[in-house]
Amino acid sequence: MTEPVAVSLTVNGERIDAQVLPRLNLADFLREHLGLTGTHVGCEHGVCGACTVRVDGDIVRACLLLAVQTHNAFVETIEGLSDSGEVADLQAAFCSRNALQCGYCTPGMLMAAQDLLRQNAAPDRAQIREHLSGNYCRCTGYHAIVDAVEATVLARRGEQP
Amino acid sequence: MKASAFSYIRPTTIDDALALLAQHGEQAKVLSGGQSLMPALNLRLSAPAWLVDIGGLSDLRTIAVSGGLLRIGALARHVDVLKSAEVAEHAPLLADAMVHVAHPAIRNKGTMGGNLAHADPASEMPACMIALDAIIVVRSRAGERRLQACDFFIGIYETALAAEELLVAVEIPVAKQNSVRFFHEYARRKGDYAIVGLAASATLDGGSFADLRLGFFAVGDRPLLATASRHLIGRPVTAAMLAEAQAALEAELDPQEDQQAPVAMRKHLARQLLALCVATLLGRADLEARRSA
């Protein structure tokens with residue numbers, strides 16, 4: 001049983017059938033098997049949040065989930081959210097607020113920020129900081145990131161940033 | 001780093017899971033949410049031959065109240081506990097504590113049973129369980145055992161759970177009308193493990209404690225039900241009584257030094273937390289001033 005196991009899942013709306021080793025984590029499966037390299041691998045023990053993806057609608061750490069655990073699951077990565085336009089305004093705000101910096105943490109930041117905005121249409125800065133507290137920015141660009149998320153909140157509510 | 005190779009099996013019934021644990025014993029690890037197990041595998045601190053993934057055992061996901069007990073199934077995720085109306089009404093201490101457990105993406109996978117079975121001495125939920133006088137329900141092919149939370153945690157990452165047993169639920173006496181609770185922890189970053197934390201549950205009789213259960217965590221090899229509370233029960237708390245309780249607490253603490261904090265700092269923070277807890281629960285700002293004493 002250390003042999004490959006068959007998994008079938010949906011990734012960004014596309015049905016995927018694959019054979020994976022049990023030890024393969026979801027982040028490596030997305031990156032190396034499917035070529036979806038937007039999901040970044042940082043610490044590989046759940047601290048940094050660079051690998052954040054959505055599984056069945058909830059954000060999770062892709063490095064702390066085995067690919068075999070996603071059998072029958074509905075996985076969404078930054079490529080999916082980007083292609084669908086779901087986070088286009090967040091991405092534009094990150095750009096205009098200089099919240100991108102090196103960009104390594106950005107996909108995870110966007111996934112986490114969009115998760116917050118889906119649950120709470122009017123978070124304050126403290127709530128934004130708290131929800132993003134599981135995502136490390138090694139450039140320490142947090143202030144600009146919070147600015148960008150806050151600007152998106154206001155724009156989505158039809159208010160001036 | 002990457003996990004070493006293992007075999008993976010996903011039982012579909014509790015009986016199948018128990019049979020697998022009986023068959024593989026110490027060679028197997030139970031995979032629940034995996035939020036502590038996966039880091040251990042990735043860092044190769046753990047290298048089991050088998051992973052028994054209980055994620056499909058949906059019977060273990062229920063949160064329900066019956067007969068004066070709040071029963072939380074082992075597979076209830078942290079986010080389920082955080083958002084549960086039953087928890088908010090009958091064990092609000094857990095909801096208070098849960099916002100300090102890691103981060104949203106981790107709370108979406110981490111489970112109550114996995115957290116308790118992992119028994120990290122700096123973790124919030126084990127301390128809540130001893131403060132709430134919970135029962136841990138474990139099952140094997142031989143039957144079910146019910147353990148007091150205080151007897152369940154026996155060391156660093158060590159519990160009374162045998163290799164062939166599965167933690168299936170916790171049962172918590174529902175909060176009485178006159179009960180109050182306190183939760184606070186000091187951590188470097190919100191969501192990181194605490195340097196020192198306190199989960200407390202009390203019943204009030206006028207301005208005094210009729211009962212006070214202090215569950216300290218990250219100050220020893222397991223959560224500690226501090227006996228120092230006996231100095232504070234049954235009569236109006238004075239500054240002298242609080243100082244006595246703080247001294248008694250310090251005497252029973254045995255924290256370890258690590259890269260987070262030296263022993264003296266942990267003891268100091270524990271004393272501070274005790275004063276903050278007592279002052280908060282009794283609504284006595286005069287006692288909180290004792291924190292600087």
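This briefing walks through a predicted model with a chain A and a chain B. Chain A has 6 helices and 5 strands, while chain B has 12 helices and 14 strands. Helices (H or I, at least four residues) and strands (E, at least two) are DSSP runs, numbered from the N terminus.

Some ground rules first. Residues are numbered from 1 along each chain as its sequence is written, and chains are lettered from A, with ligands numbered from 1, in the order in which they are written. Because this is a predicted model, local features need pLDDT of at least 70 and side-chain atom pairs count only at pLDDT 80 or more, while totals for chains, interfaces and linings use all residues; side-chain values use heavy atoms, leaving out hydrogens and water.

**Chain A as a whole**

- Going along the sequence, chain A reads β-β-α-β-β-β-α-α-α-α-α.
- Chain A has a radius of gyration of 16 Å, which agrees with the value near 15 Å for a compact globule of 161 residues. That radius is taken over C-alpha atoms, and the globule rule is 2.2 Å times the number of residues to the power 0.38.
- Measured out along the principal axes, the box filled by its C-alpha atoms is roughly 55 × 30 × 20 Å.
- Of the 161 residues in chain A, 53% are buried. Buried means under 20% relative accessible area, exposed means over 50%, and partly exposed is in between (1.4 Å probe, protein chains only).
- Take the contacts in chain A with a separation of 6 or more: 55% of them join residues 24 or more positions apart. A contact means heavy atoms within 4.5 Å.
- About 6,900 Å² of chain A is exposed, with carbon and sulfur atoms supplying 48% of it. Accessible areas come from the Shrake-Rupley method with a 1.4 Å probe, and for residues only the protein chains shown count as cover.
- Chain A carries 12 positive and 19 negative charges, and their mean positions are 5 Å apart. Lys and Arg count as positive and Asp and Glu as negative, with His and the chain ends not counted; each charge is placed at NZ of Lys, CZ of Arg, CG of Asp or CD of Glu.

**Chain B as a whole**

- For 293 residues, a compact globule would have a radius of gyration near 19 Å, and chain B agrees with its 19 Å.
- The C-alpha trace of chain B spans about 60 × 45 × 30 Å along its principal axes.
- Buried residues are 54% of the 293 in chain B.
- Among contacts with a separation of 6 or more, 61% in chain B are between residues 24 or more positions apart.
- Chain B exposes about 11,900 Å², and 50% of that comes from carbon and sulfur atoms.
- The 29 positive and 31 negative charges of chain B have mean positions 4 Å apart.

**A hairpin in chain B**

- Strands β4 (residues 63-66) and β5 (residues 69-73) of chain B pair in the antiparallel sense over 4 bridges. Two strands pair if DSSP finds at least two bridges between them.
- Ser66(B) has Leu69(B), in β5(B), as its bridge partner.
- This hairpin of β4(B) and β5(B) has 2 residues between the strands, and Gly67(B) takes a positive phi near 60°.

**Two residues with a positive phi**

- Most residues other than glycine have a negative phi.
- Glu44(A) has a positive phi near 60°. Glu44(A) sits in the loop between α1 (26-33) and β3 (52-55) of chain A and counts as buried, at 9% relative accessibility.
- Arg44(B) also has a phi near 60°. Arg44(B) is in the loop between α2 (37-42) and β3 (50-53) of chain B and is partly exposed, at 42%.

**Residues to look up**

- Ser8(A) belongs to strand β1 (residues 5-11) of chain A and is buried, at 10% relative accessible area. Leaving aside neighbours within four places in sequence, its contacts include Arg15(A), Asp17(A) and His71(A).
- Thr2(A) comes in the segment before β1 of chain A and is partly exposed, at 38%. Beyond four places in sequence, its contacts include Leu21(A) and Phe6(B).
- His103(B) lies in the loop between α5 (92-98) and α6 (104-107) of chain B and is buried, at 3%. Beyond four places in sequence, its contacts include Arg61(A), Ser133(A) and Asp192(B).
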